[in-house]
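Here's a quick tour of the pockets, the metal site and a couple of helices. Have the structure open as you read.

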Amino acid sequence: MATTFDQIKGFVFDLDGVITDTSLYHTKAWRQLAEKLGVTWTKTLEDGLKGISRMDSLEMILKAGNIQDKYTQDEKVALATEKNTNYVNEIKKMTPANILPGIKAFLDDLRANGYLIALASASKNGPTVLTQLKLTDYFPKVVDPASLSKGKPDPEIYIRGAELLGLAPEACVGVEDAAAGIEAINAANEVSVGVGDATTLADADVRFDDTAQMTLANIKAAMG
Ligand code: G6P
Ligand code: MG
């Protein structure tokens with residue numbers, strides 16, 4: 001981590017599992033589909049799916065069940081659509097109460113201190129979730145995942161996030177709950193902040209057990 005705290009000018013956020021608890025809904029919807037297809041659900045599969053795009057997630061599930069050659073492309077699209085329909089039904093019930101602890105205060109603190117903020121979520125439902133949470137105004141810059149050629153762990157999404165802010169990657173902190181996301185941030189040369197399990201997020205520059213501990217003061221202290 002070559003960057004010092006004083007060089008940081010912007011924050012690029014993952015959404016699911018960082019801003020809100022939607023990772024639970026993604027997991028529930030994928031698990032339902034996997035079990036219907038006869039694929040055994042494991043914690044390793046569950047963690048590996050976090051941060052991964054919709055079609056790549058489906059491929060991972062099929063591979064885990066050794067049925068990657070069973071479906072045509074059209075059938076795969078139909079399966080992914082089925083998962084998404086179940087997921088969208090869940091997020092439509094969301095309210096600002098679903099914002100994870102401390103996140104609103106953290107965003108307010110970032111804004112008050114002049115930091116630029118962008119969203120780098122692989123989810124095509126990201127803008128809908130922000131609307132449900134009434135957080136759209138906090139994220140004037142949102143990377144469009146449909147415009148990317150590669151998903152996380154490729155750094156493209158985090159590089160694009162910095163570009164949208166008009167900043168060098170080195171002037172940005174990226175915030176993630178998934179191993180694939182931390183890998184993407186590190187490869188983009190941003191400072192990686194992980195929220196969650198120490199083993200999963202072993203490669204994060206800075207890590208917190210939960211979102212309530214993720215404050216500007218704590219990040220500054222951890223970066224030295
Ligand atoms: C995020 C989530 C993943 C999800 C992906 C695509 O990265 O962490 O669990 O699969 O977005 O989401 P979408 O809403 O486009 O299917
Ligand atoms: Mg996430």
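## The largest pocket

In this predicted model, 37 residues line the largest pocket, and those nearest its centre are Ile52, Ser53, Arg54, Ala122 and Ser123. Four elements each give two or more residues to that lining: H1, helix H2 (43-49), helix H3 (54-64) and helix H4 (73-91). H4 gives the most, with six residues.

The pocket holds about 650 Å³ of space. If you're thinking about what sort of surface that offers, the lining splits into 13 nonpolar, 13 polar and 11 charged residues.

## The magnesium site

Which protein atoms hold the magnesium ion (ligand 2)? The donors come from Asp14 (OD), Asp16 (O) and Asp177 (OD), and they lie 2.0 to 2.2 Å from the ion. Along the chain, these donors follow the spacing D-x1-D-x160-D. Asp14 and Asp177 link distant parts of the chain, 163 residues apart. Asp14 sits in the loop between strand S1 (10-13) and helix H1 (22-36), while Asp177 sits in the loop between strand S4 (172-176) and helix H8 (179-187). Both Asp14 and Asp177 are buried.

The UniProt record (an unreviewed entry) puts its "binding site" feature at Asp14, Asp16, Glu176 and Asp177. These residues are spread over 164 residues of sequence, yet they cluster in space, with a largest C-alpha distance of 8.7 Å. From this set, Asp14, Asp16 and Asp177 are part of the lining of the largest pocket.

## A closer look at Asp16

Asp16 is found in the loop between S1 and H1. Is Asp16 buried or exposed? Its relative accessible area is 13%, so Asp16 counts as buried, the cut-off being under 20%.

Leaving out residues up to four places away in sequence, Asp16 touches Thr22, Ser23, His26, Tyr87, Ser121, Ser123 and Asp177. One of these, Ser123, is also among the residues nearest the centre of the largest pocket, and Asp177 is a fellow donor to the magnesium ion.

## A small closed cavity

Now for the enclosed space. The count comes to one cavity of 30 Å³ or more, and its volume is about 40 Å³. Its lining is made up of Leu119, Ser121, Ser123, Gly126, Pro127, Val142, Val143 and Pro145. By type, that gives five nonpolar residues, three polar and no charged ones. Ser121 and Ser123 in this lining are also contacts of Asp16.

## Helix H7 and its packing

Helix H7 covers residues 156-165, and its buried residues are Glu156, Ile157, Tyr158, Gly161, Ala162 and Leu165. Why might buried positions recur along a helix? An α-helix has 3.6 residues a turn, so residues three or four places apart point the same way.

What do the buried residues of H7 pack against? Their partners are S1, strand S2 (116-119), strand S3 (141-142), S4 and H8. After H7 comes Gly166, which has a positive phi near 70°.

## Out at Lys36

Lys36 belongs to helix H1. With 55% relative accessibility, Lys36 counts as exposed, since the cut-off for that is over 50%. From Lys36 to Asn66 is 30 residues in sequence and 14 Å in space, C-alpha to C-alpha.

Note on methods. Residues numbered from 1 in each chain as written. Chains lettered and ligands numbered in written order. Predicted model: local features only at pLDDT ≥ 70, side-chain atom pairs only at ≥ 80, totals over all residues. Heavy atoms only, no water. 1 Å grid on protein atoms, 1.4 Å probe; cavity = no way out; pocket = protein on both sides within 12 Å on 5 of 7 lines; lining within 4 Å. Points joined across faces, edges and corners; volume = space filled by probe spheres on them. Nonpolar A, V, L, I, M, F, W, Y, C, P; charged D, E, K, R; others polar. Donors = N, O, S within 2.8 Å, 3.2 Å for Na, K, Ca; no water. Buried < 20%, exposed > 50% of the residue type's maximum accessible area, 1.4 Å probe, protein only. UniProt positions renumbered as here; feature names shortened; annotations may be inferred. Contact = heavy atoms within 4.5 Å.
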